[in-house]
Number of protein chains: 2
Amino acid sequence: MIPKRSKYAIKALTALAKVYRDKQHLSIASIAEQERIPRKFLEAILLQLRNEGMVNSKMGANGGYFLVKHPDEIMLSTIIRSTGGPIALIPCVSLNFYEECVECPHEELCGLHEVMLEVREASIHILSKTSLADLILREKKLLRKSEKRP
Amino acid sequence: MIPKRSKYAIKALTALAKVYRDKQHLSIASIAEQERIPRKFLEAILLQLRNEGMVNSKMGANGGYFLVKHPDEIMLSTIIRSTGGPIALIPCVSLNFYEECVECPHEELCGLHEVMLEVREASIHILSKTSLADLILREKKLLRKSEKRP
DNA sequence: TTTATATCCTATTAAAATAGTAGTATATTT
DNA sequence: AAATATACTACTATTTTAATAGGATATAAA
């Protein structure tokens, strides 16, 4: 499982993506309310994303956060990783949270290692081809579908 | 990430699978040493797997654990699930650890939900077609390969 | 029948990760 | 100047996971 932190980040960035074309920004408070994320927690998450260059902010009255890149270019895998969420199921096959197995003398000879690598590749394949823009598009499609057959 | 508990379980059951055809059993102590798993922790894990019917045990001197089913029939997904490891990345798409999203009014309309479902399906597809026997086979192949090109 | 060896079982503790909060400083707009 | 918003540091609380302790029970072999 990825931490709530990562999920909150995806939700918040999606909200920012929705106002991207109008060059608008959103305040922490408004995102927190809209997405039902604890305000102070969201503040910490956005601050971190800012320091990593994924978003930028404007201080002071009428300030807020906005995306630096186009929603097409921001992939779920990137968001998950930069908020500390490992995608792999075990540490010895994680790209960003790698840890050697204490019990494996040779991990190249470990069958479980090999299978877990395949799982990771399958997951990353999906998450690194899905952008914030894709997420929004999917939601539009789901909404249309539900309106046709209610 | 799945808990260490799940990984230890897979390692221990694989050890039991290796002696299955000879109708042999292994003691907790010997598995713990061989797989470098803390003995008492392994004891708790095997006890639970026994209560779920995945393994059986023989008490007393020269006792130990053995598989109840053929290694072909024991799938990684089953082991992970019964040792508390969720395969899904977020609770709202987990089969066995499902939790409703507080923030989603309609999860059928959530784009992230849809993507995470795909990730889960891809992972489960691999994990539920891979058995303990497959794991052993993979290791044999990896070993052969490494001996050819050392 | 005694001794050694193993599992059974419950309870407890330790450590780490995660989630969330507090409070003050700083910047910007009106 | 007042109101509003982010910046930043530090802290706390909660939960989960990992691991251990220790005695009860069963079995085999000496």
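The following questions and answers deal with a predicted model of two protein chains and two DNA strands.

Reader: How are residues, chains and ligands numbered or lettered, and which pLDDT do local features need?
Author: Residues count from 1 along each chain as its sequence is written, while chains are lettered from A and ligands numbered from 1 in the order in which they are written. As the model is predicted, totals for chains, interfaces and linings use all residues, side-chain atom pairs count only at pLDDT 80 or more, and local features need pLDDT of at least 70.

Reader: Which pattern does chain A follow along the sequence?
Author: Helices (H or I, at least four residues) and strands (E, at least two) are DSSP runs, numbered from the N terminus. Chain A has 6 helices and 2 strands. Read along the sequence, they give α-α-α-β-β-α-α-α.

Reader: What share of the contacts in chain A with a separation of 6 or more is between residues 24 or more positions apart?
Author: The C-alpha trace of chain A spans about 60 × 45 × 25 Å along its principal axes. Two residues are in contact if their C-beta atoms, placed from the backbone, lie within 7 Å. Of the contacts in chain A with a separation of 6 or more, the share from residues 24 or more positions apart is 61%.

Reader: What share of the 150 residues in chain A is buried?
Author: A residue is buried if 20 or more other C-beta atoms lie within 10 Å of its own, exposed if 12 or fewer, and partly exposed in between, with C-beta atoms placed from the backbone. Among the 150 residues in chain A, the buried share is 35%.

Reader: How are the two copies, chain A and chain B, related?
Author: Copies are superposed by least squares on the C-alpha atoms of residues with pLDDT of at least 70 in both. A rotation of 180° with 0.0 Å of shift along its axis places chain A on chain B, at an RMSD of 0.0 Å. The relation is therefore as by a two-fold rotation axis.

Reader: Which element gives the largest share of the side of chain A that touches chain B?
Author: The contact takes 34 residues from chain A and 34 residues from chain B. On the chain A side, the elements giving two or more residues are α1, α5 (111–127) and α6 (132–148). The largest share, 10 residues, comes from α5(A).

Reader: How do the residues of the side of chain A that touches chain B divide by class?
Author: Ala, Val, Leu, Ile, Met, Phe, Trp, Tyr, Cys and Pro count as nonpolar, Asp, Glu, Lys and Arg as charged, and the others, Gly among them, as polar. After the contact of 34 residues from chain A and 34 residues from chain B, the division on the chain A side is 20 nonpolar, 4 polar and 10 charged.

Reader: Which residues come nearest to DNA strand C?
Author: A residue is near a molecule or strand if its C-beta atom, placed from the backbone, lies within 6 Å of it. By class, the surface near DNA strand C has 12 nonpolar, 8 polar and 5 charged residues. Of the 25 residues around this strand, the nearest are A:P3, A:K4, A:K40, A:G60 and B:S27.

Reader: Which residues come nearest to DNA strand D?
Author: At least two residues each of the surface near DNA strand D come from α2 (28–35), α3 and β2 of chain A and from α1 (4–18) and α3 of chain B. The surface divides into 12 nonpolar, 9 polar and 5 charged residues. Of the 26 residues around DNA strand D, the nearest are B:P3, B:K4, B:P38, B:K40 and B:G60.

Reader: Which residue of β2(A) is the bridge partner of A:S57?
Author: Two strands pair if DSSP finds at least two bridges between them. β1 (residues 55–58) and β2 (residues 64–67) of chain A pair in the antiparallel sense over 4 bridges. They form a hairpin with 5 residues between them, and A:G60 in the turn has a positive phi of about 85°. The partner of A:S57 is A:Y65.

Reader: Is A:N62 buried or exposed?
Author: A:N62 lies in the loop between β1 and β2 of chain A. Its phi is positive, about 60°, although A:N62 is not a glycine. Because A:N62 has 7 C-beta neighbours inside 10 Å, the residue counts as exposed.

Reader: Which exposed residues lie on the face of α2(B) turned away from its buried side?
Author: The buried residues of α2(B) are B:I28, B:I31 and B:A32. Seen down the helix axis, they fall within an arc of 100°, so they line one face of α2(B); the arc is that of the directions from the helix axis to the C-beta atoms. These buried residues pack against α1 and α3 of chain B. The face turned away carries B:A29 and B:E33.
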